[in-house]
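Let's take a friendly walk through a protein model, from its inside to its surface. Please keep the viewer open as you read.

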Amino acid sequence: MNSLATSMPAETAGPRGLLNRLADALTRLVSADLLALVARVGIGAVFFYSGRTKVEGVLSVTDSAVALFADEYKLPLLPPDLAAHLSAYAEHLFPVLLVLGLLTRGSALALLGMTAVIQIFVYPDAWPTHLSWAAILLLLVGRGGGAWSLDRALGLK
């Protein structure tokens, strides 16, 4: 009795084997480097476009952005004018660095800090959105920008 099921190891036979082979194929198809690139561009876009709403032209912070920090965000310890400028600049600088894959871990860590501030002080009920941002940023903090990054080209991990 030489059936396929008895000649194959248990981990490759039956439905479990099929699912494991499919998982292996998907792992090869969606490499860690592709995942890092998509994560960098995806989360970078979220923050960059948010930063664009706070400025006119290249980096001229709008009065409405300052008013938003004064009236709605109300961050402790920072004057609204300073908070608006820091936020706008950070939301432009760190996403660009992420997309380039330059200083990826530090840029992701800075945006993770910004996410924590937004969650704690600004929109505490928006935790599902902030958790999804944090998951992507934690991947980049923990694993870096991947092979398709300037970090790797420069020999940085």
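The report below covers the core, a charged pair and two surface patches of this predicted model.

**The core**

A good place to start is the largest nonpolar core, which has 25 residues. Among its members, I43, F47, V61, L98 and L137 touch the most other members. Five helices, α3 (32-52), α4 (63-73), α5 (80-100), α6 (104-122) and α7, each give two or more residues to this core. Helix α6 makes the largest contribution, with 6 residues.

**Helix α5: a buried alanine and a charged pair**

Next, have a look at helix α5, where you will find A88. This alanine counts as buried because its relative accessible area is 0%, and the buried class takes in values under 20%. If you draw a line from the C-alpha of A88 to that of L59, it spans 7.7 Å, although the two residues are 29 apart in sequence.

Side chains of opposite charge can pair when their charged atoms come close. How many salt bridges does the model have? The count comes to 1. The partners are E91 and K54, whose closest N and O atoms lie 2.8 Å apart. E91 sits in helix α5, while K54 belongs to the loop between α3 and β1 (55-56), so the bridge ties together parts that are 37 residues apart in sequence. Both E91 and K54 are buried.

**Two patches on the surface**

Now turn to the outside. A patch of positive charge on the surface brings together R105, R143, R152 and K157. Of these, R143 is placed in helix α7, which covers residues 127-143. Is R143 buried or exposed? It is exposed, because its relative accessibility is 64% and the exposed class begins over 50%.

There is also a nonpolar surface patch of about 870 Å², made by L19, L22, L26, L29, V30, L34, L35, V38 and W148. Helices α2 (14-29) and α3 each supply at least two of its residues, and the largest share, 4 residues, comes from α2. L34, one of the patch members, lies in helix α3. With a relative accessibility of 30%, L34 counts as partly exposed.

Here are the three residues whose accessibility was discussed above.

| Residue | Relative accessibility | Class |
|---|---|---|
| A88 | 0% | buried |
| L34 | 30% | partly exposed |
| R143 | 64% | exposed |

Key. Residues are numbered from 1 along each chain as its sequence is written. This is a predicted model: local features need pLDDT of at least 70, side-chain atom pairs count only at pLDDT 80 or more; totals for chains, interfaces and linings use all residues. Side-chain values use heavy atoms; hydrogens and water are left out. Patches are made of residues with over 30% relative accessible area and no salt bridge: like charges are joined within 9 Å, nonpolar side chains (Val, Leu, Ile, Met, Phe, Trp, Tyr) within 5 Å. Accessible areas come from the Shrake-Rupley method with a 1.4 Å probe; for residues, only the protein chains shown count as cover. A salt bridge is a side-chain nitrogen of Lys or Arg within 4 Å of a carboxyl oxygen of Asp or Glu. Lys and Arg count as positive and Asp and Glu as negative; His and the chain ends are not counted. The place of a charge is taken as NZ of Lys, CZ of Arg, CG of Asp or CD of Glu. Buried means under 20% relative accessible area, exposed over 50%, partly exposed in between (1.4 Å probe, protein chains only). A nonpolar core is a set of buried Ala, Val, Leu, Ile, Met, Phe, Trp, Tyr and Cys residues joined through side-chain atoms within 4.5 Å.
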